[in-house]
2 protein chains.
Amino acid sequence: MRCRERADASDNRKLILQTAKTLFDTYGVNEVSMHQIAKTAGIGQGTLYRRYAHKGELCSDLMEDTANALVEDIDATLEKLKEAPTEERFGALLDHLVDFIDAKSQLLIPLHNVYMSEKDTTAFFRSPIYLHLKNALSSLVEERLRGEDEADCPAFLSHTILCSLNPVGYLQMKGDLGFTKEEIKQHYRKLFIRA
Amino acid sequence: MRCRERADASDNRKLILQTAKTLFDTYGVNEVSMHQIAKTAGIGQGTLYRRYAHKGELCSDLMEDTANALVEDIDATLEKLKEAPTEERFGALLDHLVDFIDAKSQLLIPLHNVYMSEKDTTAFFRSPIYLHLKNALSSLVEERLRGEDEADCPAFLSHTILCSLNPVGYLQMKGDLGFTKEEIKQHYRKLFIRA
DNA sequence: TCTATATGCGGACAATTGTCCGTTTAGATT
DNA sequence: AATCTAAACGGACAATTGTCCGCATATAGA
């Protein structure tokens, strides 16, 4: 069997992440090139690109802990509220999302830019974090469908929510439009939760 | 005085636009490189880049007529419907937006990318087209407020609509999510127009 | 018409991203 | 331990974006 990750591959993986984190922290994500990361880590560019097809994936991996924490928080909250009405759980999920964007927008903007400036524009929509959040939203919308005559479309609604909650648009709301985080939460609840 | 545009510059400007339009129409925006445009037009790359700092600006110039037409169309439609119920006019505006994004998504994506990857992330939200559309949406939402007890916030709602209608997200809806343009229009109406 | 120069021209060049492919090696099998 | 092969390695290479700078010329002013 050749199914386990080879030791050298595993070592390089850690080396890449450590090197990238250091360089990003020192110079900023946008100022660091993939070539520079490979050079600094002392590996070939092919090695780097085999593991991370582009900078966005690398950023994504660096964000993994943060993203996992969000997903766990959300899952825990939903579990705790599992007896509560759908609307309440939906609202809690929206709150989590807004809190997350609010706390991490500085980190999320480079990540968002990298994904969105890809030639393959669907890259972001295949990222683990998007898929998981869309999934969580969809199932709540779906749950809400039962017994309703005019059905929302879960896929459409969750996609729309996540599109509108991009970090750039969020900062604009807090900046020029002058909303506070709590106001934004309220508006999201009002718009997307049909009470 | 040396203030007027030189004749050769003016000629090249037209030549660039014509060449770019032809190439974009033939091969698609993403498949055409700036180098290729310059080569085909028979001019140097420096000439091309002096006039358009990047592909986004070129797209922007190519879109100018189209964007003006959109704004005029919308204004004309709203004028024609000025006696109609607010909901009907709101719906017509959403339809216009979706038709526009649908028709021009290829050109809008480079434009969107350029705006969004700016250091100044608010650049897009100060662009004429965003401001005009947000304005039109806001005034319709505001109009709808009268006589309602639970008020929508015009600024928030119109910002959210425009964020969610970005060309990348739109293409994702039509691609992986499999919606047709008409379905998308319906979903937008259902979500944002409280009948 | 002639001249001076601001303006435009264009291609070479640098930087970055992403691919390819011959070489090396970890580790399973014997 | 020896062998074998799938997986990983790494650097050269191609493509694209964007910059720079010496050269050419349109045109205002004489």
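These are my notebook entries on a predicted model with two protein chains, A and B, and DNA strands C and D.

**Entry 1: how the copies are related**

I began by superposing the two chains. Chain A can be laid on chain B with an RMSD of 2.7 Å, using a turn of 177° and a shift of 0.3 Å along the axis. That is the relation of a two-fold axis. Next I looked up whether the copies use the same or different surfaces to meet. I found that 96% of the interface residues of chain A are also interface residues in chain B, so the copies meet through the same surface.

**Entry 2: the contact between A and B**

I noted 28 residues from chain A and 28 residues from chain B in the contact. On the side of chain A that touches chain B, the elements giving two or more residues are α6 (86-116), α8 (154-164), α9 (167-174) and α10 (181-192). Of these, α8(A) has the largest share, with 7 residues. I also sorted that side of chain A by class: 14 residues are nonpolar, 12 are polar and 2 are charged.

**Entry 3: α8(A) against α7(B)**

With α8(A) giving the largest share on its side, I followed it across to chain B. The axes of α8(A) and α7(B) come within 8 Å of each other and cross at roughly 105°. The two helices are therefore roughly perpendicular. Which residues meet here? From α8(A) I listed Thr160(A), Cys163(A) and Ser164(A), and they meet Thr160(B), Cys163(B) and Ser164(B) in α7(B). This contact has 2 nonpolar and 4 polar residues, and no charged ones.

I then checked how covered α7(B) is. The helix spans residues 154-164 of chain B, and 8 of its 11 residues are buried. The buried ones are Phe156(B), Leu157(B), Ser158(B), His159(B), Thr160(B), Ile161(B), Cys163(B) and Ser164(B). Thr160(B), Cys163(B) and Ser164(B) are thus on the buried list as well as in the contact with α8(A).

**Entry 4: around DNA strand C**

I turned to the DNA next. There are 27 residues around strand C, and Ser33(A), Gly46(A), Ile43(B), Gly44(B) and Gly46(B) come nearest. At least two residues of this surface come from each of α1 (7-27), α2 (34-41) and α3 (45-51) of chain A, and likewise from α1 (7-27) and α3 (45-51) of chain B. Which helix gives the most? I found that α3(B) does, with 4 residues. By class, the surface near strand C has 7 nonpolar, 10 polar and 10 charged residues.

**Entry 5: around DNA strand D**

Strand D is surrounded by 27 residues, the closest being Gly44(A), Gly46(A), Ala7(B), Ser33(B) and Gly46(B). Two or more residues come from each of α1 and α3 of chain A, and from each of α1, α2 (34-41) and α3 of chain B. Here α3(A) has the largest share, 4 residues. I counted 7 nonpolar, 10 polar and 10 charged residues on the surface near strand D.

**Entry 6: a glycine in α6(A)**

My last stop was Gly91(A), which lies in helix α6 of chain A. Is Gly91(A) buried or exposed? It counts as buried, because it has 21 C-beta neighbours inside 10 Å, and the cut-off is 20 or more. Leaving out residues up to four places away in sequence, Gly91(A) touches Arg189(A) and Ile193(A). I also looked up Lys190(A): it is 99 residues from Gly91(A) in sequence, yet the two are 9.3 Å apart in space, C-alpha to C-alpha.

Key
Residues numbered from 1 in each chain as written. Chains lettered and ligands numbered in written order. Predicted model: local features only at pLDDT ≥ 70, side-chain atom pairs only at ≥ 80, totals over all residues. Near = placed C-beta within 6 Å. Nonpolar A, V, L, I, M, F, W, Y, C, P; charged D, E, K, R; others polar. Contact = placed C-beta atoms within 7 Å. Least-squares fit on C-alpha atoms with pLDDT ≥ 70 in both. Buried ≥ 20, exposed ≤ 12 C-beta atoms within 10 Å, placed from the backbone. Axes fitted to C-alpha atoms, helices over the stretch in contact; angles between N-to-C directions. Parallel < 35°, antiparallel > 145°, perpendicular 65-115°, else oblique.
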